Every structure is written in C-alpha cells, then in structure tokens.
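Okay, thanks for coming, everyone. I'll walk you through one chain today, going from the overall picture down to a few side chains. Let me put it up on the screen.

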Amino acid sequence: LFRSTDATAIRAQLEEELVRLRARAGRIDDHQHNRNREIPKDWEELATYRANDEVVDGLDDMTRTEIARIEFALRRMDEGTWGTCVECEGSIKAERLAVMPTHALCVTCAAARESK
C-alpha cells in the first residue's frame, strides 16, 4: 500500500515493487520450464505437481499484469501525464493515486467503465 502523495516517493516505491515482481516472474518462469526441479515419477505426485502448475500459471498472469501496470505508470511519470485520466484528460485525485498509483482513470471514468 502506498502512503505518500509525493510523486518522487511513489516512483521509488513503484520501482522497488517492479524489481520484486520481476524477480518473482523469473522464479515462476524457472518453475514453468522445470528448471531446478525434478518431475515426479509417481502418478499421484505428478497430479499434485500439475495442479500446482495451474496455480503458478495464475500467479504468472497476475504478476505480469501488475508489471505492465507499473511500467505504464512509470512511463506516464516520465511523460508528465501521470495523474491525468487517460479517458477524459481530467486530473486523478492525489488521494486515489496515493492508494493505487497505477490508476490511469479518474473516479468518474472508472465508474463509467465498470458500469458498461
């Protein structure tokens, strides 16, 4: 959870989170490609192994989505458009960005998109 409204502090937190998520993505990739792990020979163990793979695939999707959101927020910071709604080009409240700095929509546009 981000607790600052200072863009510099938020950027530093986003960059730290990006490093953490990229490391996780690397571990997931290793798991998915059977690096550093042995595939079980026993049928029951193999079934559990495959079930775990489904969980890991879900974590991979979530991790990569969050990486993309953070990279998009950082690009917007570099471009000077962070804090501006991508739909209406209005301002996104600092309080909203302090809670979730990867938001690219103001409250009004986010609500309109959710109601569709």
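**Helices and salt bridges**

Let me start with a pair in the first helix: Arg20 and Glu17 both sit in helix 1, 3 residues apart, or about one turn of the helix. Their side chains meet in a salt bridge, 2.5 Å from N to O. Arg20 is partly exposed, with a relative accessible area of 40%, and Glu17 is partly exposed too, at 24%. As for the spacing, an α-helix has 3.6 residues a turn, so residues three or four places apart point the same way.

Before going further, a reminder that this is a predicted model.

Now the overall picture. What does the chain have in the way of helices and strands? It has 4 helices and 0 strands, so to speak an α-α-α-α pattern when you read along the sequence. What about the overall dimensions? The C-alpha atoms fill a box of roughly 60 × 35 × 20 Å along the principal axes. The radius of gyration of the chain is 19 Å, whereas a compact globule of 116 residues would have one near 13 Å.

On burial, 28% of the 116 residues are buried. The chain exposes about 8,000 Å², and carbon and sulfur atoms supply 52% of that. And for the contact people here: take the contacts between residues at least 6 apart in sequence, and 52% of them join residues at least 24 apart.

Back to helix 1, which covers residues 7-32. It has 26 residues and reaches 36 Å from its first C-alpha to its last, close to the 38 Å expected at 1.5 Å a residue. Which residues of helix 1 are buried? They are Ile10, Leu14, Leu18, Leu21, Ala25 and Ile28. The buried residues of this helix pack against helix 2 and against helix 3, residues 94-99. Just after helix 1, Asn34 takes a positive phi of about 55°.

On to helix 2, residues 43-79. This one has 37 residues and reaches 54 Å from first C-alpha to last, close to the expected 54 Å at 1.5 Å a residue. Its buried residues include Tyr49, Val56, Ile67, Ile70 and Leu74, and you'll also find Asp53, Asp60 and Arg76 among them. They pack against helix 1. Just after helix 2 there is another backbone detail to look at: Gly80 has a positive phi of about 80°.

Let me stay with Asp60 for a second. Is Asp60 buried or exposed? At 9% relative accessibility, Asp60 counts as buried. Its side chain meets that of Arg64 in a salt bridge, 2.8 Å from N to O. Both residues lie in helix 2, 4 residues apart, about one turn of the helix. Arg64 is partly exposed, with a relative accessible area of 41%.

How many salt bridges are there in the whole structure? The search finds 7. Besides the two pairs I've mentioned, here is one between helices: the side chains of Asp78 and Arg11 meet at 2.9 Å, N to O. Asp78 lies in helix 2 and Arg11 in helix 1, so this pair ties together parts that are 67 residues apart in sequence. In terms of accessibility, Asp78 counts as exposed at 57%, while Arg11 is partly exposed, at 24%. There's also a network to click on here: Arg11, Glu15 and Asp78 are linked by salt bridges.

Last stop is the surface of the model. Val55, Leu59 and Met62 form a nonpolar patch there, with about 280 Å² of accessible area together. Met62 is found in helix 2. Why does Met62 count as exposed? Its relative accessible area is 56%, and the cut-off for exposed is over 50%.

To recap: we have 4 helices and 0 strands, the buried residues of helix 2 packing against helix 1, and the Asp78 and Arg11 pair tying the two helices together. On the surface we have the nonpolar patch of Val55, Leu59 and Met62. That's my tour, happy to rotate the view if anyone wants another look.

Key:
Residues are numbered from 1 along each chain as its sequence is written. This is a predicted model: local features need pLDDT of at least 70, side-chain atom pairs count only at pLDDT 80 or more; totals for chains, interfaces and linings use all residues. Side-chain values use heavy atoms; hydrogens and water are left out. Patches are made of residues with over 30% relative accessible area and no salt bridge: like charges are joined within 9 Å, nonpolar side chains (Val, Leu, Ile, Met, Phe, Trp, Tyr) within 5 Å. Accessible areas come from the Shrake-Rupley method with a 1.4 Å probe; for residues, only the protein chains shown count as cover. A salt bridge is a side-chain nitrogen of Lys or Arg within 4 Å of a carboxyl oxygen of Asp or Glu. Buried means under 20% relative accessible area, exposed over 50%, partly exposed in between (1.4 Å probe, protein chains only). The radius of gyration is taken over C-alpha atoms; the globule rule is 2.2 Å times the number of residues to the power 0.38. Contact means heavy atoms within 4.5 Å. The expected span of a helix is 1.5 Å times one less than its number of residues.
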